[in-house]
Amino acid sequence: MKGRKNGVERLVRPHLRNVETYAAVDPPEELARRAGIPEDKIIKLNGNENPHPPLDSVRKAVAQTAINIYPDPLQRKVRQALAGYTGVDADHIIAGAGSDELIDLLFRLFIEPGDTILDFDPTFAMYAFCARVADGKLKLVPRNETFDLDVEAAKKAIDPRTKIIFLSSPNNPTGNMATEEQVRALLETGLVVVVDEAYFEFCKQTAAHLVPEYDNLVVLRSMSKWAGLAGLRVGYGMMSPTLAKHIVDIKSPYNLNVAAEAGLLASIQEAPALLADVDKIVRERERMTKLLKTLPGVKPWPSAGNFVLVQFPPGKAQTVFHGLAQQGIFVRKFGSDRLRDCFRISVGTPAQTDALIAAMRELV
Ligand SMILES: Cc1ncc(COP(=O)(O)O)c(C=O)c1O
């Protein structure tokens, strides 16, 4: 049958017709296909995922969910469990399909076309992506030579339409953290300050205790990294009850699916075991960093997350990146000028680290 051409493209909102999409990571089977090797042979270190297999108890809880019934739109059990885990009251908390969904919801809540958001560059690309989708304006405040924040430059960059300042701490992909003093200074601007703590469990430094103090603070967390639930899509935000209520009012009613809900509840119960695995990842990160330092010309940046940004002599990063990919070892490369000579390696198992280091030693 011949399709009817009615020029539907003209009805797409103009700013979205050629929008630059988010460069997401491909699934293992696609990476394996591209490298021409079996899926169980690839080493996937490009998504900051957790290398430990799920706990049986979590797997069982997910498998036993009543998938024929809608989830709780008000996420009562989830918010209560997260209150116990975080020490922040349940009415301050709201969960989403990954912290990605909460970032998107914050844009829906605050950003009208033409409004500005501030980003400390380089950082997690989701904030800029959501700004493009929302037809917002993105102002990049460059991080200094050690990737630290320049709060004064951020303040100067604020214009009458600035609504949100995004701050990833630890910062993906540079691995460094913001100080409480810096967070407070940004909060004093009165704008919405989103402190994205997707990697909190790997550093244990948080701004969560400031949530009751500042109604313009949003702290985001993820279950993808420490709890290993990346595939289930679960994250949450902590904020004033007023903001949490606004998010509840605009989110899609059943945004947190029953499997994600069950995975989160079981993971909170199993927190001690999962946090013991987090400690292993932190130790492995330090071992990998030491090994990377033994490679000629390779500079690993210190990291408080489950990943390490690695810098190479000019022109070298791309070659090593491709060489690794050909051997089925996948790391994350970024398109920006500032990170041209870098890539990010997620911390995997000791065996994966050893294979990575051996391959890199050949390539450099
Ligand atoms: C800084 C940061 N925030 C948020 C996310 C998204 O996490 P989630 O899987 O909860 O959507 C990531 C994922 O890599 C991240 O690095």
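Here's a quick briefing on some helix packing and one small sheet in this structure. Keep in mind that the model is predicted. Three spots get a look: the buried residues of helix H3, two helix pairs, H4 with H5 and H2 with H9, and an open sheet of 4 strands.

**Helix H3 and what covers it**

- H3 spans residues 76–86, and its buried residues are Val78, Arg79, Ala81, Leu82, Ala83, Tyr85 and Thr86.
- Arg79, then, is one of the buried residues of this helix.
- The cover over those buried residues includes three strands, S2 (93–96), S7 (217–222) and S8 (235–238).
- Helices are part of that cover too, including H8 (241–250), H9 (258–269) and H10 (271–293).
- Right after H3 comes Gly87, with a positive phi near 80 degrees.

**Two helix pairs**

- A packed pair of helices is described by the angle between the axes and the distance between them.
- For H4 (residues 98–110) and H5 (residues 126–133), the angle is about 40 degrees and the axes sit 10 Å apart.
- That angle makes H4 and H5 oblique to each other, and their crossing is right-handed.
- On the H4 side, the contact uses Asp100, Ile103, Asp104 and Phe107, while H5 brings Met126, Tyr127, Cys130 and Ala131.
- Sorted by class, the H4–H5 contact has 6 nonpolar and 2 charged residues, with no polar ones.
- H2 (residues 56–63) packs against H9 at about 150 degrees, with the axes 8 Å apart.
- H2 and H9 are therefore roughly antiparallel, and this crossing is right-handed.
- H2 makes the contact through Ser57, Val58, Ala61 and Val62, and H9 through Ala259, Ala262, Gly263, Ala266 and Ser267.
- By class, the H2–H9 contact comes out as 6 nonpolar and 3 polar residues, with no charged ones.
- H9 turns up twice in this briefing: it packs with H2, and it is among the elements covering the buried residues of H3.

**The open sheet**

- The 4 strands of this sheet run in the order S9-S10-S13-S12, with antiparallel pairing.
- S9 (299–300) and S12 (332–333) are the edge strands, each pairing on one side only.
- S9 is joined to S10 (residues 307–311) by 2 bridges, and the two strands run antiparallel.
- Pro300 has Val310 of S10 as its bridge partner.
- H11 (residues 316–326) packs on the sheet, where it touches S12 and S13 (342–346).
- The direction of H11 makes about 35 degrees with that of S13.

Conventions:
Residues are numbered from 1 along each chain as its sequence is written. This is a predicted model: local features need pLDDT of at least 70, side-chain atom pairs count only at pLDDT 80 or more; totals for chains, interfaces and linings use all residues. Side-chain values use heavy atoms; hydrogens and water are left out. Buried means under 20% relative accessible area, exposed over 50%, partly exposed in between (1.4 Å probe, protein chains only). Contact means heavy atoms within 4.5 Å. Axes are lines fitted to C-alpha atoms, for helices over the stretch in contact, and angles run from 0 to 180 degrees between N-to-C directions. Angles under 35 degrees count as roughly parallel, over 145 as roughly antiparallel, 65 to 115 as roughly perpendicular and the rest as oblique. A crossing is left-handed if the near helix is turned anticlockwise from the far one by less than a right angle, and right-handed if clockwise. Ala, Val, Leu, Ile, Met, Phe, Trp, Tyr, Cys and Pro count as nonpolar, Asp, Glu, Lys and Arg as charged, and the others, Gly among them, as polar. Two strands pair if DSSP finds at least two bridges between them.
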